[in-house]
Amino acid sequence: MSSFDDPVVISCSISGVIANRDQCPAIPYTPEEYAAEARRAVDEGASQIHIHARKPDGTPSYEVEDFKAITEAILAEVGDVVINYSTGAIGIPIEKRIEYLRELKPDVAALNMSSMNYAKYSPRRKDFVFKAVFENSFDTIIEFLTAMKELGIKPEHECFDAGHVANLDPLIDMGLLDRSPLQVSLVMGVNGGIRPTARNVGFMADQIPDGGAEGSHQWQVIGISRDQWKLLGAALVLGGNVRAGVEDNLYLPNGEMAKSNGELIAKARQMAEDVGRRAATVAEAREMLGVPKRAAAGA
């Protein structure tokens, strides 16, 4: 198969909420900085932008006005890209997280697929950098999913372990998910989730309903921290999509800190090309993910 026959959706995790500029100067805070980073990412092959909102001082935000300002700035800069909102949070009411979905209607929204311990451990410190219980009960999942279905937002099912993938099964059986292409994300590298190994990429992908890695659904790998690159490599070889960006990992494979999201996306694109694939265009990504083209402003 030639590189022109096998597109890969490359997503950019443009900011996140945990790291800050003391750790990486490339992390955007203001809408204008988000837009500039989106421009760099799209120019290097990203077709989907995953957004955690921040206030201009860098504080994480769950306010409609911050998501709106960031989204408008990005779209004004790049013209079109698949917009994907985070809904994950600890201690933020579900109603508040649904509010910005309802008001702004992104193309896609993340849907975390199970409760779990969520942590980062430092062997050097012999202690956790952070640790928390990340609540995503079936009641929570169904509430989000019902709202997304009503609003016409495509869920991105974030799965941190194999059992999280299996949680799709009852939702399909209940009719809450149809069998048009699901978007399944295999998130690896978080303490509390599956170990970040290439073998486990294949194992988790094989759990996806209706045919596993080679089935009818779209799937991607989200690799956290410096294990990211081997995980993305495994996904690309197995036919999956990939995500990169400063939310997930701050470093290039050679150990240098990335100067922008664009540098991380460029490396992911190069890896795709090295195994005979190419970055999907935004139009192709929309078709692959089952996400319709956004209506023109004022239409």
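A cavity is a set of grid points where a 1.4 Å probe fits but cannot get out. In the predicted model examined here, two cavities of 30 Å³ or more are present.

The largest cavity encloses about 40 Å³ of space. Its lining is formed by Val9, Ser11, Gln48, Gln183, Val184, Gln218, Trp219, Gln220, Asn241 and Leu289. Two elements, β9 (183-188) and β10 (218-223), each give two or more residues to this lining. The greatest contribution comes from β10, which supplies three residues. When the residues around the largest cavity are sorted by class, four are nonpolar, six are polar and none is charged.

For the second largest cavity, the volume is likewise given as about 40 Å³. The residues that line the second largest cavity are Val17, Ile51, His52, Ala53, Ser61, Tyr62, Phe67, Ser86, Thr87, Gly88 and Tyr100. This lining divides into six nonpolar and five polar residues, and no charged residue takes part in it.

Attention may next be turned to a pair of strands. Strand β6, which covers residues 116-122, and strand β7, which covers residues 127-134, run antiparallel and are joined by seven bridges. Within this pairing, Tyr118 is found opposite Ala132 of β7. The two strands form a hairpin with four residues between them, and in this hairpin Lys126 adopts a positive phi near 55 degrees. As a general point on strands, side chains in a regular strand alternate between the two faces of the sheet.

The cysteines were considered last. A search of the whole structure returned zero disulfides. Cys24 accordingly belongs to no disulfide, and the nearest cysteine sulfur to it, that of Cys12, lies 12 Å away. A disulfide requires a pair of cysteine sulfur atoms within 2.5 Å, so the distance of 12 Å between Cys24 and Cys12 does not meet the criterion. Cys24 has a relative accessibility of 0% and therefore counts as buried, the limit for that class being under 20% relative accessible area. Cys159 is also classed as buried, because its relative accessible area is 0%.

Terms used:
Residues numbered from 1 in each chain as written. Predicted model: local features only at pLDDT ≥ 70, side-chain atom pairs only at ≥ 80, totals over all residues. Heavy atoms only, no water. 1 Å grid on protein atoms, 1.4 Å probe; cavity = no way out; pocket = protein on both sides within 12 Å on 5 of 7 lines; lining within 4 Å. Points joined across faces, edges and corners; volume = space filled by probe spheres on them. Nonpolar A, V, L, I, M, F, W, Y, C, P; charged D, E, K, R; others polar. Pairing = 2+ DSSP bridges. Buried < 20%, exposed > 50% of the residue type's maximum accessible area, 1.4 Å probe, protein only.
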